[in-house]
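Hi there,

Here is the structure I promised to pass on to you. Have a look at it first, and then read my notes below.

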Amino acid sequence: MINRYIYSPFTWASAGFIVGLALGVSTISVWILAIGFFVFLIWLNYLGPANDDNEGWRFSGAPAFMMSWILGILLNSLIN
């Protein structure tokens, strides 16, 4: 059950947005981002080789995580 939620790029995007919005541009935010990318790589290793039907969905989590983190930082700077 939890496998389906971790597999979704929307989950990764939500996590990146929350980190960017809550912490903005800070050292801890970048560390959390780096740890998130490391966890993503571990997750890809756990899933194994991709198939033609799930390759795009599987690899879209990391870019979604990064772009939503930047969007969160942008909104944080507009609020503060």
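Let's start with one residue, Leu75, which sits in helix 5, the stretch of residues 61-79. Please keep in mind that this is a predicted model, so everything here is computed from it.

Is Leu75 buried or exposed? It falls in between: its relative accessible area is 32%, and because buried means under 20% and exposed means over 50%, Leu75 counts as partly exposed. Apart from neighbours within four places in sequence, Leu75 touches Phe17 and Leu21. To get a feeling for distances, try finding Gly61 too: 14 residues separate it from Leu75 along the chain, and their C-alpha atoms are 21 Å apart.

Now for the helix pair that Leu75 belongs to. Helix 2 and helix 5 pack with their axes 6 Å apart, at an angle of about 30 degrees. Angles under 35 degrees count as roughly parallel, so helix 2 is roughly parallel to helix 5. The crossing of these two helices is right-handed. Which residues meet there? On the helix 2 side they include Trp12, Phe17, Val19, Leu21 and Leu23, and on the helix 5 side Phe65, Trp69, Leu71, Leu75 and Ile79 are among them. Sorted by class, this contact has 16 nonpolar and 6 polar residues, with no charged ones.

Helix 2 also has another partner. The axes of helix 2 (residues 9-23) and helix 3 (residues 27-47) come within 9 Å and cross at roughly 170 degrees. Since angles over 145 degrees count as roughly antiparallel, helix 2 is roughly antiparallel to helix 3. This crossing is right-handed. Trp12, Val19 and Leu23 make the contact from helix 2, while helix 3 brings Ile28, Ser29, Ile32, Gly36, Val39 and Phe40. Here the classes come to 7 nonpolar, 2 polar and no charged residues.

Finally, zoom out to the whole chain. How many helices and strands does the protein chain have? There are 5 helices and 0 strands. The C-alpha trace spans about 45 × 20 × 20 Å along its principal axes. Of the 80 residues, 32% count as buried. The chain exposes about 5400 Å², and carbon and sulfur atoms supply 74% of that area. Among contacts with a separation of 6 or more, 77% come from residues 24 or more positions apart.

Enjoy exploring, and write back with any questions!

Best wishes

Technical notes:
Residues are numbered from 1 along each chain as its sequence is written. This is a predicted model: local features need pLDDT of at least 70, side-chain atom pairs count only at pLDDT 80 or more; totals for chains, interfaces and linings use all residues. Side-chain values use heavy atoms; hydrogens and water are left out. Axes are lines fitted to C-alpha atoms, for helices over the stretch in contact, and angles run from 0 to 180 degrees between N-to-C directions. Helices (H or I, at least four residues) and strands (E, at least two) are DSSP runs, numbered from the N terminus. Angles under 35 degrees count as roughly parallel, over 145 as roughly antiparallel, 65 to 115 as roughly perpendicular and the rest as oblique. A crossing is left-handed if the near helix is turned anticlockwise from the far one by less than a right angle, and right-handed if clockwise. Contact means heavy atoms within 4.5 Å. Ala, Val, Leu, Ile, Met, Phe, Trp, Tyr, Cys and Pro count as nonpolar, Asp, Glu, Lys and Arg as charged, and the others, Gly among them, as polar. Buried means under 20% relative accessible area, exposed over 50%, partly exposed in between (1.4 Å probe, protein chains only). Accessible areas come from the Shrake-Rupley method with a 1.4 Å probe; for residues, only the protein chains shown count as cover.
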